[in-house]
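Visitor: Please take me through one part of this structure up close. I am in my first year, so keep the steps short.

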Amino acid sequence: MSGPAPGAAALVVGDLVAGYVAEVDILRGVGLEVREREIVTVLGPNGAGKSTLMKTIAGLVPVRSGSIRLFGADLVGVPAHRMVSRGLAYVPQTGNVFARLSIQENLEIGAAARGTRDGFDDDLERMYQLFPRLAERRRQPAGTLSGGERQMVAVARALMSRPRLLMLDEPSAGLSPLLVGVVFAKVREVRDLGLTILVVEQNARAALAISDRGYVLAEGRDRIEGEAAALLANPEVGALYLGSRQALG
Ligand SMILES: Nc1ncnc2c1ncn2[C@@H]1O[C@H](COP(=O)(O)OP(=O)(O)OP(=O)(O)O)[C@@H](O)[C@H]1O
Ligand SMILES: [Mg+2]
C-alpha cells in the first residue's frame with residue numbers, strides 16, 4: 001500500500017489536556033494540525049507549554065483528555081519507546097546527544113531504535129552526505145563538538161530511526177545567529193527529503209522563514225494560527241516574538 005498523498009494530515013492534535021502532577025493541567029486544550037511534508041512552528045512565551053506539548057505527543061507526559069492522531073492512527077497511550085515504530089522521532093530541548101559517545105555511536109543508537117540493522121550502512125552514508133561536518137568527525141566524542149554540530153548529531157540520530165514525522169524542540173537554542181541559519185537550512189533540507197516537521201522555537205523569525213505554518217501557544221492553549229508569512233506580518237506576533245513592534249510584511 002502506498003502512503004498518503006502529499007498534503008494529507010500527518011499529525012492531528014485535538015483539545016489536548018495534559019500535565020505532570022495531579023490537578024495541574026499544563027496543556028489546557030491544544031489543537032493543531034501538521035500536514036505531510038509541512039514544516040510547522042510552535043511559538044510561545046517561556047512556560048507556555050511548548051515542550052510539554054512535544055513530550056505529550058511523544059508519550060512522555062500522560063494525556064488527560066483530547067486526541068492525538070499520527071498518520072491516521074491513535075497515539076494516545078502509546079508508550080514512548082513504541083513511537084519509532086509509529087514513525088515519530090523526537091529531539092528534546094536538552095540532553096539530546098550522548099556526549100561521551102562518538103558521532104558514529106550516537107547514530108548507531110538512533111538506528112537501534114528501529115530494531116534492525118537492515119539498511120544501516122546506507123542510512124549512515126546518507127547522514128554523512130547531509131551533514132558533511134559530522135563525517136569528518138565521526139570518531140570524535142559528541143561532547144567535544146560545537147553547539148551547532150551537536151544539534152546536527154541530535155537531528156541525524158533522530159533521522160536514523162527513519163521517522164516520517166520529526167519533532168524538534170528548540171534546535172537553534174544557544175547558537176550564534178550564523179549557526180541558527182545553518183541549522184534551519186538543514187531542517188528545510190530534511191523536509192525536502194520527504195519528512196514532516198514540527199518545531200518549537202524561540203528564534204521565531206528564523207523558524208517562520210523556513211516554515212509553512214505556525215501556531216502561537218500561550219498558557220497551554222493555541223491562541224494564534226496561520227501561514228508563516230501571515231504570522232510574520234501579524235503585529236501581535238511581531239511585538240511578542242519578533243523583537244519588533246512593526247509588522248514585517
Ligand atoms: N517535569 C515537570 N514537572 C512539573 N512541571 C513541569 C515539568 N516540566 C515543565 N513543567 C511546567 O510546565 C509548564 C510548561 O513548561 P514547558 O517546559 O512545557 O514550557 P515551554 O513553553 O517549553 O517553555 P520554554 O520556552 O522555557 O522552553 C511550566 O510551568 C513548567 O514549570
Ligand atoms: Mg521548552
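Guide: Start with a term. A crossover is called right-handed if, with the strands pointing away from the viewer, the path from the first strand over the helix to the second runs clockwise. Keep that picture in mind. This is a predicted model. In it, strand 7, helix 6 (residues 177-192) and strand 8 make a right-handed β-α-β unit.

Now look closely at strand 7 itself. All 5 of the 5 residues of this strand, residues 165-169, are buried, so strand 7 is largely enclosed by the rest of the structure. Here is the cut-off behind that word: a residue counts as buried if 20 or more other C-beta atoms lie within 10 Å of its own. Take the two faces in turn. Leu165, Met167 and Asp169 are buried on one side. Leu166 and Leu168 are buried on the other. Both faces of strand 7 are therefore covered, and the strand is largely enclosed.

Next come the neighbours of strand 7. Strands of a sheet pair through backbone hydrogen bonds, either parallel or antiparallel. Strand 6 (residues 88-91) runs parallel to strand 7, and 4 bridges join the two. One bridge to find is that of Val91, whose partner in strand 7 is Leu168. Strand 8 (residues 196-200) also runs parallel to strand 7, with 5 bridges between them. Here Asp169 has Val200 of strand 8 as its bridge partner. Asp169 is also one of the buried residues named above.

Compare that with another sheet. It is open, its 4 strands stand in the order 2-1-4-5, and the pairing is antiparallel. Strand 2 (27-35) and strand 5 (73-74) are the edge strands, each pairing on one side only. Walk across it from strand 2. Strand 1 (residues 9-18) pairs with strand 2 over 7 bridges. Val12 and Glu33 of strand 2 are bridge partners there. On to the next pair: strand 1 and strand 4 share 6 bridges. Find Gly14, whose partner in strand 4 is Ser67. At the far end, strand 4 (residues 63-70) meets strand 5 over 2 bridges. Leu70 is bridged to Ala73 of strand 5.

Now a helix. In helix 2 (residues 103-112), the buried residues are Ile103, Asn106, Leu107, Gly110 and Ala111. Seen down the helix axis, these buried residues fall within an arc of 140°, so they line one face of helix 2. They pack against helix 3 (120-130), helix 4 (132-136) and helix 5 (147-159).

Turn to ligand 1. Among the residues around it are Tyr20, Val21, Ile26, Asn46, Lys50, Ser51, Thr52 and Gln93. Gly44, Gly47, Ala48 and Gly49 are around ligand 1 too. By type, the shell divides into 4 nonpolar, 7 polar and 1 charged.

Finish at a loop. Gly220 is found between strand 9 (213-218) and strand 10 (221-227). Gly220 is buried, with 21 other C-beta atoms within 10 Å. Leaving aside neighbours within four places in sequence, Gly220 is in contact with Asp25, Ile26, Leu27, Arg28, Val30 and Gly49. Two of these names, Ile26 and Gly49, are also found around ligand 1. Pro171 lies 49 residues from Gly220 along the chain, and their C-alpha atoms are separated by 21 Å.

Technical notes
Residues are numbered from 1 along each chain as its sequence is written. Chains are lettered from A and ligands numbered from 1 in the order in which they are written. This is a predicted model: local features need pLDDT of at least 70, side-chain atom pairs count only at pLDDT 80 or more; totals for chains, interfaces and linings use all residues. A residue is buried if 20 or more other C-beta atoms lie within 10 Å of its own, exposed if 12 or fewer, and partly exposed in between; C-beta atoms are placed from the backbone. Two strands pair if DSSP finds at least two bridges between them. The arc is that of the directions from the helix axis to the C-beta atoms. Two residues are in contact if their C-beta atoms, placed from the backbone, lie within 7 Å. A residue is near a molecule or strand if its C-beta atom, placed from the backbone, lies within 6 Å of it. Ala, Val, Leu, Ile, Met, Phe, Trp, Tyr, Cys and Pro count as nonpolar, Asp, Glu, Lys and Arg as charged, and the others, Gly among them, as polar.
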